Amino acid sequence: MSAVADKYSELQKLGVEVLSVSVDSHFVHKMWNDHELSRMVEGGVPFPMVSDQAGNVGRAYGVWDENQGIELRGRFLIDPDGVIQAMEVLTPPVGRRLAETVRQIHAFQHVRRSKGTEATPAGWEPGQPTLKPGPALVGKVWEVWKPGAEK
Amino acid sequence: MADQPQGCARVTGTVAGEKPAGGPPPDRPLETRGTTMTARVGQKAPDFTAPAYHKGGFTSVKLSDFAGKWLLLCFYPGDFTFV
């Protein structure tokens, strides 16, 4: 969570709001923020930390683990229409890489601005050429994307 | 934001269209309870309302209030864990 809090201003510049969710109460969220996270991220956690003690929200998103009574590391990117564009779920011991989330935000926002006329190839980074699906591109992807292009 | 009075009941989120949290415990075991996973890319995100801690205060968050904005929704195993 501190990784997301740390990059919050970058996410805000992209017009992205953040919610974190766990099965801890809002009281525990306050303690965690006040006693630990605020020492890792200046000003503490800037976004709402949601409490879902019965796992109702987690169940709806497929991240509730009833055996452990916890929620798995699920990350959902939701567009302005309320549609889930990307999701990633990890088991607890491995943390996420926020840079990949930011890359996907750039890509999904670019595609949305193009009103679906453009697509981004594997490994696309902002500023790189996109694909314009259509008759002219069939069989010609090799001209714009080659194996090894992904960094 | 105005602080809401805080009771001692377990706080949890409520998925839109389901009975709100609280009240008598469910008569069915947890595993067989209602909600099945509905989250899927390309589909509407399940709406919910849930209590939250935000910048020193306790508040309530509703997913659909974020309509018109991009939103990153992050679940994690628990506070004071290590990753």
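I take partly exposed to mean a relative accessible area between the buried limit of under 20% and the exposed limit of over 50%. The model I am reading is predicted.

**Entry 1: Lys140(A) and Glu143(A)**

I looked up Lys140(A) and found a relative accessible area of 37%, so I list Lys140(A) as partly exposed. Glu143(A), at 43%, goes down as partly exposed as well. I then checked the pair and noted a salt bridge between Glu143(A) and Lys140(A), with the closest N and O atoms 3.9 Å apart. I also noted a network made by salt bridges that share partners, joining Asp79(A), Asp81(A) and Arg112(A).

**Entry 2: salt bridges in the whole structure**

How many salt bridges does a search of the whole structure find? I recorded eight over all chains. As a general point, side chains of opposite charge can pair when their charged atoms come close.

One of the pairs I followed is Glu17(A) with Lys69(B), where the closest N and O atoms are 3.9 Å apart. I placed Glu17(A) in strand β1 (residues 16-22) of chain A and Lys69(B) in the loop between β3 (57-62) and β4 (70-75) of chain B, so this pair joins two chains. I checked accessibility on each side. Glu17(A) has a relative accessible area of 18% and is buried, because the limit is under 20%. Lys69(B) comes out at 41% and is partly exposed.

**Entry 3: helix α5 of chain A**

I next looked at Arg103(A) and Glu100(A), whose side chains meet in a salt bridge of 2.9 Å, N to O. I located both in helix α5 (residues 98-113) of chain A, three residues apart, about one turn of the helix. Is Arg103(A) buried or exposed? I have Arg103(A) at 17% relative accessibility, which counts as buried. For Glu100(A) I have 28%, which counts as partly exposed.

**Entry 4: Asn33(A)**

I turned to Asn33(A), which has its place in helix α3 (residues 26-40) of chain A. Its relative accessibility is 6%, so I enter Asn33(A) as buried.

I listed the polar partners of the side chain. A polar contact of 3.1 Å joins Asn33(A) to the side chain of Asp34(A). The side chain of Asn33(A) also reaches the backbone nitrogen of Val45(A), at 2.7 Å.

Which residues does Asn33(A) contact, leaving aside its neighbours within four places in sequence? I wrote down Ser38(A), Gly44(A), Val45(A) and Met49(A) from chain A, and Tyr53(B) from chain B. Val45(A) therefore appears twice in my notes on Asn33(A), as a contact and through its backbone nitrogen, with buried Asn33(A) at 6%.

How values were computed
Residues numbered from 1 in each chain as written. Chains lettered and ligands numbered in written order. Predicted model: local features only at pLDDT ≥ 70, side-chain atom pairs only at ≥ 80, totals over all residues. Heavy atoms only, no water. Helix = DSSP H or I, 4+ residues; strand = E, 2+ residues; numbered from the N terminus. Buried < 20%, exposed > 50% of the residue type's maximum accessible area, 1.4 Å probe, protein only. Polar contact = N/O pair within 3.5 Å; in protein donor to acceptor, adjacent residues only side chain to side chain. Contact = heavy atoms within 4.5 Å. Salt bridge = Lys/Arg side-chain N within 4 Å of Asp/Glu carboxyl O.
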